[in-house]
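Open the model in a viewer and keep a selection box at hand. The stops below go from confidence, to cores, to helices.

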Amino acid sequence: MYAANQKNKKQAVPMGRSILWLLITSFVIYNFIPVYVDHKGLKSFLPVEDVFNGNKNGIDEEKDDAHLNPMISSMQNRQDALFKFNTNKNVEPIYRHFTDVREKNAVVIPNHPQKLDNRPLFVLHIGPHKTATSTIQCEMTYYQSLMESVGNFTYLGRQYGECKNKSTLLKYNNINVNSRDLVRCLDNHNALSPCNSTKDWRNFEKALSKMSHVRQNVLLSDEAFSRMKLNNSSSLELLFHTIHKHKFRFKVILVYRHYFSWLLSQYNEHYKPLLSRSKYQIWPSIEGGKYIKPFIEYYASHHNKNSTSSRTDGRNYQSAANALGLHPVAYLIKQWTNNQIPFAPKESDILAIDMHNNDNNYGIVLNFVLTALSEEIAEELNRHKQDNANDTVPSRSNPSLNLDFDRMAVKARELGLFPDHDLFTRRRVALYTEMLFQNLTTKNEKMPRICLDEKTQIQEFLDLSLLLEKTVFPDRRNAQQQQHREDFAKAKSRNMFCNLDIEALLSQESVRAIFRKLEQMARSNQAAHDTEGN
């Protein structure tokens, strides 16, 4: 009897252990592994990477886009609401707060509301250029502490020294990540010189690992990402895989600007005589400098139906977009949602912010925060600005320059209206011309100008701008484009599509007299120099 009892006990021990392990396994499966419910009502247990990041284990990607975008399901039905986020305060942002601190970064898994995706959010703002990027980046730099304390976001984007708020210190401000270095690294990425073997990329991965470990959200903002070389998809593949590997949810943000306004700004930026553009700092005829074209020629060069772009690497996204009949933002969305690249974002993971839509009076920066980050951060930032009117963010503006005075200075020099002298640099003469010319007359509307043709080019430009808007917002109706038309009319009334007629102006004696004063200045300077020598 005793032997039989001992045998039964030995058999009961492993059975008890089996039951215990079964209970533990059931608990783990139920609480930690997301349940995917397919369209037939069948349940299967999948790793979180499969549920949210690709077509693994038989998931139909087309039917199950929602699992790639857990916060915003049914994107097609909500496209207008997302693109017009500032007309409806109740539209939920990408990022959602939860009462439970442990789960404050989480989002509900579709079809299984008891489960939460606890991965932090990686937001990549890629511009494009001339869409208030410097202003956004300056304020994100200044309010880093607020973004971290309120929304659990760390800013790793482009930072400007003059925009840093030295009164606040961040626990992550010692991370060595330079967004421009990352873009250069990705541009040069190839099998012989892999980007992921460089120090810059290792620093980036180290930062992501640290953020992911503590569920810290990340905002990376740099318009240079919009001009990456895209003829080799391996660079984007490396970026997408790295973000996925460190278990981040991924969103891409772009800012939309009316095409006519964007092209005007792009024209000015292209020819602006910055120190880095030496060819526009020196005289063309003798020193080998470049001429600044009037806008009418710049417009024609970009919209001549017989011209084709020689740039096919994606860096010149403006020409590539023109060739495809797309707005630059629509072209970038197309490039960044390449379904041939593993872990590429879906269209529902890329949001375009209309910088002209300001129904809530938030302005571009607050609306960017509202859409890209969270409603909580936007509200707290707005409250802070109202309560601290004296807390002024340092300016990081990039204003347009009047390029006509450079064109006038170059032409006057070629006509011999002032002598060659080391004192008369190209930029100095242009600034001098602008100063004296504005004193000459304030009735700019009576000045001779060369403009886009009123009967053909003006209407063509407006129609093109309206058409390209619909490549970004396909559901936008004609009635919704009224503000677009009004903004175009205002630009036309301010002669934005014109340049001064330089040859006609320089034929006027009052204008030629401006440059004769330069000769007097040269003689006075030489006399002063001779006096010092004696």
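Colour by pLDDT to begin. This is a predicted model, with an average pLDDT of 78 over the protein, and 72% of the residues score at least 70.

Next, select residues 30–105. Their pLDDT stays under 50 throughout, and the model has 167 contacts beyond four places in sequence for this stretch. Then select residues 308–313, where pLDDT also stays under 50; here the model has seven contacts beyond four places in sequence.

**The cores**

Show side chains for Phe 122, Phe 225, Leu 239, Phe 295, Trp 336, Phe 461 and Phe 497. These belong to the largest nonpolar core, a set of 70 residues, and touch the most other members. Helix H9, residues 259–271, supplies the largest share of this core, with seven residues.

A second core is separate and has 30 residues, among them Met 140, Tyr 362, Leu 366 and Leu 370.

Go back to Phe 225. Which residues does Phe 225 contact beyond its neighbours within four places in sequence? The list is Leu 124, Ile 126, Val 183, Leu 186, Leu 220, Leu 239 and Trp 336.

**H9 against H12**

Select H9 together with helix H12, residues 317–324. The two pack at an angle of about 145°, their axes 13 Å apart, and the crossing is left-handed. On the H9 side the contact is made by Tyr 259, Trp 262, Leu 263 and Gln 266; H12 contributes Tyr 317, Gln 318 and Asn 322. Sorted by class, four residues in this contact are nonpolar, three are polar and none is charged.

**H13**

Move on to helix H13, residues 328–336. Seven of its nine residues are buried, so the rest of the structure largely encloses this helix. The buried residues are Pro 328, Val 329, Ala 330, Tyr 331, Leu 332, Ile 333 and Trp 336. Trp 336 was already selected above, as one of the residues touching the most other members of the largest core and as a contact of Phe 225.

**Val 369**

The last stop is Val 369, in helix H14, residues 363–372. Is Val 369 buried or exposed? Its relative accessibility is 1%, so Val 369 counts as buried, the cut-off being under 20%. Leaving out residues up to four places away in sequence, Val 369 touches Met 140, Ser 374, Ile 377, Ala 378 and Leu 381. Of these, Met 140 is also a member of the second core. To finish, draw a C-alpha to C-alpha distance from Val 369 to Glu 379: the two are 10 residues apart in sequence and 9.3 Å apart in space.

How values were computed. Residues numbered from 1 in each chain as written. Predicted model: local features only at pLDDT ≥ 70, side-chain atom pairs only at ≥ 80, totals over all residues. Heavy atoms only, no water. Core = buried A, V, L, I, M, F, W, Y, C linked by side-chain atoms within 4.5 Å. Buried < 20%, exposed > 50% of the residue type's maximum accessible area, 1.4 Å probe, protein only. Helix = DSSP H or I, 4+ residues; strand = E, 2+ residues; numbered from the N terminus. Contact = heavy atoms within 4.5 Å. Axes fitted to C-alpha atoms, helices over the stretch in contact; angles between N-to-C directions. Left-handed = near helix turned anticlockwise from the far one by under 90°. Nonpolar A, V, L, I, M, F, W, Y, C, P; charged D, E, K, R; others polar. pLDDT = per-residue confidence, 0-100.
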